[in-house]
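Student: I have a model open and would like to go through its cross-links and charged pairs. Can we take them one by one?

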Amino acid sequence: MTRLSRRFVAAVCLLAMASFASAAGAQTSDSTTRPAEYYLDCSAPHASGDGRSPETAWNALHAVNEHIFLPGDTIRLRRGTECHGLLWPKGSGSTAAAIRLAAYGSGPRPKVTANKGDEEAFKLFGQEYWDVDSLEFSGGCVFGVYVSGDKGILHHIHLRNLSVHEVFGGDVKHKESGLVVVSPGTVHQHFDDVLVEGITANATDQWAGILVGGGNFGEVTEEDWNTHVVVRNSVVHDVYGDGIILFRVKDGVIDHSAAWQMGMQPTQSIGTPNAIWTWMCKDCVVSRNEAFLTDSPGVDGGAFDIDYGNIRNSVTENYGHDTQGYCIAVFGAGYVTHDSVVEGNLCIENGRSPRMARYQGAIFLWTWNDGVIENLRVEKNVIFWNPPGNFPALLNRGDIRGSERIFKENQIYSGASSLIESNKNLDFRNNRYITCGGGHAAWTFNDEIFNTFEAYRTKAKQEQGSSWTSYESYAACLPGPTEASATDNAHEGWRVVSEFPVHFDSQELLDAASLGQLLVLKNQQLQFRPSGLRSAVTLYVPQAVTSETLQNALLDLSQGGLQVSTRNAGNSPIQPRTRVLRPDGSVAAEWHGSVGPTELGLALRKVLGTPIYSQVDFTAR
């Protein structure tokens, strides 16, 4: 979409934003025929259908929007068709029977494209117990998918296997805007049991890719926070603000997801973005995700962030690389950030902006406005740091308190001689420091600079069990082509080959484990395809799965350059296996069971070097 057409859409939005028709007087499902199935086929030539069968399907969105559905009802849109306008079905399911909105037939997902002036393409408001899957939503001035309410607890909002894109509305008015937003409408309304899975969300000049929580309500007590929230196996890219975020959530998870090209807003207006992060989150886990090519018109611009007011949050086994800002931050501002864990993450080539590298480092610990970080463990992370200046990989300016304030068992490979800069509020032990490109190294602790490791250990009384090594060349320790030549076309012929069983649930959707593994493989293939990588996946499928179900699932996967083949699983159990193969067919790396983004990402980086991002087709499906 051109800049001129985006401006036109924004102007239409400002002139034509109007609420959808009231549900008053809408038709209600016939309670004598419970549960009921309804069909929508926007390619059907006649509007006389009653919607009760594919042959008598409704042919316009208003027929769905004017109906009040009851628990157990199913609404199906025909695959391969496109409807125009806002889709807002009415009614709520129950604890015993959700309402399902899904697809039928074969072919690409059915598509709903918002009209000019529609605030969103899909909406639920004050509704609960909904399963929404296997659809494509495009357009909207403020939202692509918007779920909200104005009172009480709204339960069971499950959004799965959706494509959401092209949300353009001009100036960003608030952070509760973007591609997929599940956000309370009032201070005393919140959600319980939210699942966002298998979503591809991209292209917006509004704020967020995927947001659960939010609401600009000032102080909100914990009893009104959202509960039991899972975002997993999802991809977000090309967003003006944040990627994937949880705000005011208890018991939250962001897992096996990816975000890139975040923070694309040209000028800061309402905040500074990160790729994947949490705020006011209690017992939240961010694990096995990938974030890269993040930016910001102000500060931040990082990959992962435990923000202020969080309680018992962890960031584990994530891969953050090639960011303008930090890899991982832990913040405290105005509140106490309790019991944070940063463990087992891989950080490569962060701090590409000299301004942000100097200000943040790869690991950034910071408090302000009387904020406190109480109890923090930063351990077993691997950091490859080669900033555009002599800036430290760890920058700690936090008021860190409590009985546990530990930086241990981390590995820092640095092209800069400055390795850490920390106040005295952090204890260092059993770390491994490697400087690349010269024999000089420096540690700054409690405002004193130490130019030898022994002086640092002795005078600062830190680093029991730690070590420092120096290499003369960058290639000796930084990720780069160690097996493949950096010249000619020696990268050509490298392959990733993977095989694993897949399963389908009662709604004929792929299981979470399969989706997570496919997403890891697809993201690496996307980045390294210009470097010559080719990836092939064999899926072992249960015999009971129909060919239509399988073909629809493969269409919905948006394979992104993966070569996917299927085989009958038979009766013998198939053990997952992934291998990186050299051009001669020999095995360079192998994993039995699932492989995460940190393992596969580092293995490919070592043999193929930095992805050629200028040649990556990020729109590839």
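The questions below cover disulfides, one helix, one proline and salt bridges.

Tutor: First, the ground rules. This is a predicted model, where local features need pLDDT of at least 70, side-chain atom pairs count only at pLDDT 80 or more, and totals for chains, interfaces and linings use all residues. Residues are numbered from 1 along each chain as its sequence is written, and side-chain values use heavy atoms, with hydrogens and water left out.

Student: How many disulfides does the structure hold?

Tutor: A disulfide is a pair of cysteine sulfur atoms within 2.5 Å. C42 and C83 meet that at 1.9 Å, S to S. C281 and C284 do so at 2.1 Å, and C327 and C347 at 2.2 Å. The count is three.

Student: How many residues apart in sequence are the parts tied by C42 and C83?

Tutor: Helices (H or I, at least four residues) and strands (E, at least two) are DSSP runs, numbered from the N terminus. The link of C42 and C83 is right-handed, with 105 degrees about the S-S bond. C42 sits in the loop between β2 (37–40) and α2 (61–65), and C83 in strand β5 (residues 82–84), so the tied parts are apart in sequence by 41 residues.

Student: Is the disulfide of C281 and C284 left-handed or right-handed?

Tutor: Both C281 and C284 are buried (under 20% relative accessible area; exposed is over 50%, partly exposed in between; 1.4 Å probe, protein chains only). The torsion about their S-S bond is about -75 degrees, so this disulfide is left-handed.

Student: Which strand holds C347?

Tutor: The link of C327 and C347 is left-handed, with -75 degrees about the S-S bond. C327 lies in the loop between β25 (319–321) and β26 (328–333), and its partner is 20 residues away in sequence, so the pair ties these parts together; the strand of C347 is β28 (residues 346–348).

Student: How many of the residues of α5 are buried?

Tutor: Helix α5 (residues 512–528) reaches 25 Å from its first C-alpha to its last. That is close to the 24 Å expected at 1.5 Å a residue, taken as 1.5 Å times one less than the number of residues. The helix is mostly covered, its buried residues numbering 15 of 17.

Student: Which residues does P611 touch, not counting those up to four places away in sequence?

Tutor: P611 lies in the segment after α7 (597–608). P611 is buried, at a relative accessible area of 5%. Contact means heavy atoms within 4.5 Å. With residues up to four places away left out, P611 touches Q527, F528, S531 and R605.

Student: Are R160 and E197 buried or exposed?

Tutor: Their side chains meet in a salt bridge at 3.5 Å, N to O (the rule: a side-chain nitrogen of Lys or Arg within 4 Å of a carboxyl oxygen of Asp or Glu). R160 lies in strand β12 (residues 153–167) and E197 in strand β14 (residues 190–197), so the pair ties together parts 37 residues apart in sequence. R160 and E197 are both buried.

Student: What is the relative accessible area of R288?

Tutor: R288 forms a salt bridge with D255, the closest N and O atoms being 2.9 Å apart. D255 is in strand β19 (residues 244–255), and R288 in the loop between β21 (276–287) and β22 (290–292). D255 is buried at 9%. R288 is partly exposed, at 34%.

Student: How many salt bridges does the count come to?

Tutor: One of them joins E590 and R577, at 3.7 Å between the closest N and O atoms. Salt bridges also link E343, R377, E379, E404 and K408 in a network. The count comes to 21.
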